[in-house]
Structures are given as structure tokens and as C-alpha cells.
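User: I am new to reading protein structures and would love a close look at one part of this one. Could you take the aromatic side chains as the starting point and then walk me outward from there?

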Amino acid sequence: MKHYKLMVLALAVLLCGAFTAWAAGGPKAVVDLTDYTFSPVPEGTEVKHDFILQNKGDEALKVERVHTG
């Protein structure tokens, strides 16, 4: 019986920690499209594509280390 109570207590502590981390919020980056393939273009032609990045979190989102492929 002691082991059962200890397991229930450990589970309750674990769930409280998980809920606290979830409730804390923070930034949340949401991107609908993560890659884009251009159709063939003549060499030397400049091509562009906009990726829409939204912050669906409740804190500022800091974007770093953006790389082209």
C-alpha cells in the first residue's frame, strides 16, 4: 500500500510540473509553409518568396540563425 501512495504522489508531482511548464506560455513560432521550390528560372534571375512567420505565444519571439537552402 505504501508503494501505491508513493506512486500516486510521484505522478501528481510530475503532472503539476508539466502543467506549470504548459501554463507558463512563452513564444510559439507558427509557419504554414516551411520550404518552397521555385520553378526553373534562367540563370542570374533573382527570385523571391515570402515565408509568413507568426508568433502565437504570449511572449516576444526572437528569430535567429535563418539560413537559405
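Analyst: Let's begin with a term we will need: a residue is called buried when its relative accessible area is under 20%, exposed when it is over 50%, and partly exposed in between. Please keep in mind that this is a predicted model.

Now to the aromatic side chains. The count of aromatic pairs comes to one. Its partners are Tyr-36 and Phe-38, whose ring centres are 4.9 Å apart. The two ring planes meet at 80°, and because planes over 60 degrees apart count as edge-to-face, that is the name for this pair. How open are these two residues to the outside? Tyr-36 has a relative accessibility of 40%, so it is partly exposed. Phe-38, at 35%, is partly exposed too.

From Phe-38 we can step to a neighbour. Val-47 touches Phe-38 and also Val-41, leaving aside residues up to four places away in sequence. Val-47 sits in the loop between β1, which covers residues 29-31, and β2. With a relative accessible area of 35%, Val-47 is partly exposed.

To place that loop, it helps to see the chain as a whole. The protein chain has one helix and two strands, and they follow the pattern α-β-β along the sequence. Of its 69 residues, 1% count as buried. Contacts can also link parts that are distant in sequence: among those with a separation of 6 or more, 51% are between residues 24 or more positions apart.

Back in the loop between β1 and β2, we also find Asp-32. Its relative accessibility is 77%, so Asp-32 is exposed. The C-alpha atom of Asp-32 is 8.2 Å from that of Phe-51, although 19 residues separate them along the chain.

Phe-51 leads us to the largest pocket. About 380 Å³ of space lies in this pocket. It is lined by 16 residues, and Thr-34, Phe-51, Val-66, His-67 and Thr-68 are the closest to its centre. Sorted by class, the lining has ten nonpolar, five polar and one charged residues. As for how such spaces are found, rolling a probe the size of a water molecule over the atoms shows where empty space is left.

Next come the charged side chains. Side chains of opposite charge can pair when their charged atoms come close. Here the count of salt bridges comes to two. One of them joins Glu-46 and Lys-48, with 3.6 Å between the closest N and O atoms. Glu-46 and Lys-48 are both exposed. In the other, Lys-62 and Glu-64 meet with an N to O distance of 3.3 Å. Are these partners exposed or partly exposed? Lys-62 is exposed, since its relative accessible area is 66%, whereas Glu-64 is partly exposed at 49%.

One last stop is Arg-65, in the segment after β2 (53-55). Arg-65 has a positive phi of about 55°, even though it is not a glycine. At 73% relative accessibility, Arg-65 is exposed.

To sum up the route: we set out from the edge-to-face rings of Tyr-36 and Phe-38, crossed to Val-47 through its contact with Phe-38, and went on to the pocket that Phe-51 helps to line. After that came the salt bridge of Glu-46 with Lys-48 and that of Lys-62 with Glu-64, before we ended at Arg-65 with its positive phi.

Conventions: Residues are numbered from 1 along each chain as its sequence is written. This is a predicted model: local features need pLDDT of at least 70, side-chain atom pairs count only at pLDDT 80 or more; totals for chains, interfaces and linings use all residues. Side-chain values use heavy atoms; hydrogens and water are left out. Rings of Phe, Tyr and Trp (its six-membered ring) pair if their centres lie within 6.5 Å; planes under 30 degrees apart count as stacked, over 60 as edge-to-face and the rest as tilted. Buried means under 20% relative accessible area, exposed over 50%, partly exposed in between (1.4 Å probe, protein chains only). Helices (H or I, at least four residues) and strands (E, at least two) are DSSP runs, numbered from the N terminus. On a 1 Å grid over the protein atoms alone, a cavity is a set of points where a 1.4 Å probe fits but cannot get out, and a pocket is an open set with protein on both sides within 12 Å along at least five of seven lines; lining residues have an atom within 4 Å of a point. Grid points are joined across faces, edges and corners, and a volume is the space filled by probe spheres set on the points. Ala, Val, Leu, Ile, Met, Phe, Trp, Tyr, Cys and Pro count as nonpolar, Asp, Glu, Lys and Arg as charged, and the others, Gly among them, as polar. Contact means heavy atoms within 4.5 Å. A salt bridge is a side-chain nitrogen of Lys or Arg within 4 Å of a carboxyl oxygen of Asp or Glu.
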